[in-house]
Amino acid sequence: MLNVVVNGFWGRRQESAAQVAGRWADSLNALEALDRAAFSGWREATGDVASAPELPASAAALTDYIERTNQEPDAGRIGFTTSVLTNNPGMPRVTVAIHAGGTSEYVTNSVAVSFRSRELDESVAVIRRTANILRIVAEAWDIDAGQAAGRTQFTAVKDAFGLPNSAPRCGRSVYLSAKRAALAPEGLPGTYTRTAHDGLVIDLTRGGSEDPSVETIIAAHRALSSAGALEALPVPFDRPTW
């Protein structure tokens with residue numbers, strides 16, 4: 001059974017529905033360019049059920065979708081929340097969920113790309129590319145921190161360090177914003193890839209060629225945390241990145 005999530009978060013950043021939709025369109029189109037078999041045929045997701053017809057991955061279509069599903073009078077303060085999903089033949093079900101655009105000092109903005117399947121496991125090709133997916137998410141959304149992890153890996157790090165679900169952490173790969181990246185120690189057992197916004201992806205799978213153990217991930221988290229690269233965003237949020 002497959003249950004892997006690539007996600008990222010950031011603090012306060014005021015953006016309109018159109019601005020959020022532009023970032024979303026950029027990320028969906030970059031994902032499709034990476035692996036069209038997995039990332040195409042998006043549909044609006046309501047109650048975790050895909051609606052018909054297909055939703056174009058364009059800024060205009062996504063702006064309309066965001067506005068239709070976020071009609072609360074305080075949406076501009078708490079942020080826009082919605083998701084799309086696809087389930088192509090032979091692929092995991094992929095959901096891309098967003099919460100973005102908010103101005104509240106106490107609400108975290110986030111994006112998550114989730115992969116789930118009862119038939120497939122983590123050996124499926126698209127999962128070996130989760131570090132690339134993390135980079136796409138980081139660059140499109142200019143996130144503060146993020147990670148790619150299976151459920152077992154996520155839970156192991158959470159339990160080992162007593163972390164809340166929203167805390168920065170290491171997974172099979174980890175993204176660090178510019179200030180965090182400047183603190184990251186050298187020599188972790190993975191590849192280091194610089195990204196837009198002066199960020200950094202550390203990929204413990206080395207491009208999908210290795211399967212890091214839980215112990216390896218915990219040790220990497222400990223090293224990054226000790227260096228100060230995984231500090232939580234200060235609350236109340238006064239900026240999008242640490």
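**Figure 1. Accessible surface of the predicted model.** The protein in this predicted model has an accessible surface of about 10,600 Å². Carbon and sulfur atoms account for 49% of that surface. Of the 242 residues of the protein, 51% count as buried.

**Figure 2. Overall fold and dimensions.** The protein contains seven helices and 10 strands. Its radius of gyration is 17 Å, close to the 18 Å that the globule rule gives for 242 residues, so the protein is as compact as a globular protein of that length. The C-alpha trace spans about 45 × 45 × 30 Å along the principal axes of the protein. Among contacts with a separation of 6 or more, 67% join residues that are 24 or more positions apart.

**Figure 3. The largest pocket and its centre.** The volume of the largest pocket is about 460 Å³. Its lining is made up of 29 residues, and those closest to the centre of the pocket are Val 5, Asn 7, Gln 147, Phe 154 and Asn 165.

**Figure 4. Elements and residue classes around the largest pocket.** Five elements each give two or more residues to the lining of the largest pocket: the strands β1 (2-10), β5 (93-100), β6 and β7 (145-150), and the helix α5 (151-161). Sorted by class, the lining of this pocket holds 12 nonpolar, 14 polar and three charged residues.

**Figure 5. The cavity found in the structure.** A search of the whole structure finds one cavity of 30 Å³ or more. The space in the largest cavity comes to about 30 Å³. Its lining consists of Ser 27, Leu 28, Leu 31, Val 96, Val 111, Val 113, Val 137 and Trp 141.

**Figure 6. Elements and residue classes around the largest cavity.** The elements with two or more residues in the lining of the largest cavity are α1 (17-34), β6 (109-117) and α4 (130-141). Helix α1 gives the most to this lining, with three residues. By class, seven of the residues that line the largest cavity are nonpolar and one is polar, while none is charged.

**Figure 7. Strand β6 at the pocket and at the cavity.** Strand β6 is among the elements that give two or more residues to the lining of the largest pocket. Strand β6 (109-117) is also one of the elements that give two or more residues to the lining of the largest cavity. Val 111 and Val 113 are among the residues that line the cavity.

Terms used: Residues numbered from 1 in each chain as written. Predicted model: local features only at pLDDT ≥ 70, side-chain atom pairs only at ≥ 80, totals over all residues. Heavy atoms only, no water. 1 Å grid on protein atoms, 1.4 Å probe; cavity = no way out; pocket = protein on both sides within 12 Å on 5 of 7 lines; lining within 4 Å. Points joined across faces, edges and corners; volume = space filled by probe spheres on them. Helix = DSSP H or I, 4+ residues; strand = E, 2+ residues; numbered from the N terminus. Nonpolar A, V, L, I, M, F, W, Y, C, P; charged D, E, K, R; others polar. Rg over C-alpha atoms; globule rule 2.2 N^0.38 Å. Buried < 20%, exposed > 50% of the residue type's maximum accessible area, 1.4 Å probe, protein only. Contact = heavy atoms within 4.5 Å. Areas by Shrake-Rupley, 256 points an atom, 1.4 Å probe, with all protein chains shown as cover.
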